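Dear colleague,

I am passing on the structure we spoke about, since you will be looking at it for the first time. Please have a look at it below before reading on, and after it you will find my notes on what turned up.

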Amino acid sequence: PTAELAVGLTLGLARRLREGDAAVRAGFEGWRPSLYGLGLDGAVVTILGLGALGSAIAARLAPFGCVLRGVDGAREVPGVQRLPLEAALADADVVISALPLTPATRGLLDVHALALLPPHALLVNIGRGSVVV
């Protein structure tokens, strides 16, 4: 269920569902390009943590045609290119954090790591909140 939640949140953010809902409620005057958002076909999705949860997220995203990248020092997942954190963030369209909170992951996504992301990048944190500071 958490992997499905991660995909659902990713789709909602990428396709700007909240903004579209607000536009409809405010007196919808037709769909605008500003609401198109990001399609996942060809999007670079970086998954932080490739344990059971990160692997399940990758399996659910693969049919969307994403370019899947992962950051995990110990695991290999078929169809997911493993990269160091800095390289995986540098051109990510979406970053999904599926990390447990440990001394090594606390504050991993700090101001310096987040500055590596492209301006359009989306962050979905379904792991532990304190990984992002």
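**Strands, salt bridges and a surface patch**

In strand E5, Leu-122 has Val-94 standing opposite it. Please keep in mind throughout that this is a predicted model. The two strands concerned, E4 (residues 94-97) and E5, pair in the parallel sense, and four bridges join them. Along E5, which covers residues 122-125, the side chains alternate, with Leu-122 and Val-124 pointing to one face, where they are buried, while Leu-123 and Asn-125 point to the other face and are not buried.

Turning to the charged side chains, the general idea is that side chains of opposite charge can pair when their charged atoms come close. The structure holds five salt bridges, and I describe some of them here.

Within helix H2 (17-25), the side chains of Asp-21 and Arg-25 meet in a salt bridge, with a distance of 2.8 Å from N to O. Because Asp-21 and Arg-25 are four residues apart in helix H2, about one helical turn separates them. Asp-21 is partly exposed, since its relative accessible area is 37%, whereas Arg-25, at 67% relative accessibility, counts as exposed.

Another salt bridge links Arg-16 with Glu-19, where the closest N and O atoms are 3.5 Å apart. Arg-16 has a relative accessibility of 29% and therefore counts as partly exposed, and Glu-19 is also partly exposed, with a relative accessible area of 33%.

A further salt bridge is formed by the side chains of Arg-82 and Glu-76, at 3.0 Å from N to O. Here Arg-82 is partly exposed, with a relative accessible area of 31%, while Glu-76, with a relative accessible area of 65%, is exposed.

Finally, there is a nonpolar patch on the surface, which is formed by Val-24, Phe-28, Trp-31 and Tyr-36 and which has about 410 Å² of accessible area when these residues are taken together. Of the residues in this patch, Trp-31 lies in the loop that runs between helix H2 and strand E1 (44-48). Trp-31 counts as partly exposed, because its relative accessibility is 43%, and a residue needs over 30% relative accessible area to be part of such a patch.

With best wishes

Technical notes: Residues are numbered from 1 along each chain as its sequence is written. This is a predicted model: local features need pLDDT of at least 70, side-chain atom pairs count only at pLDDT 80 or more; totals for chains, interfaces and linings use all residues. Side-chain values use heavy atoms; hydrogens and water are left out. Patches are made of residues with over 30% relative accessible area and no salt bridge: like charges are joined within 9 Å, nonpolar side chains (Val, Leu, Ile, Met, Phe, Trp, Tyr) within 5 Å. Accessible areas come from the Shrake-Rupley method with a 1.4 Å probe; for residues, only the protein chains shown count as cover. A salt bridge is a side-chain nitrogen of Lys or Arg within 4 Å of a carboxyl oxygen of Asp or Glu. Buried means under 20% relative accessible area, exposed over 50%, partly exposed in between (1.4 Å probe, protein chains only). Two strands pair if DSSP finds at least two bridges between them.
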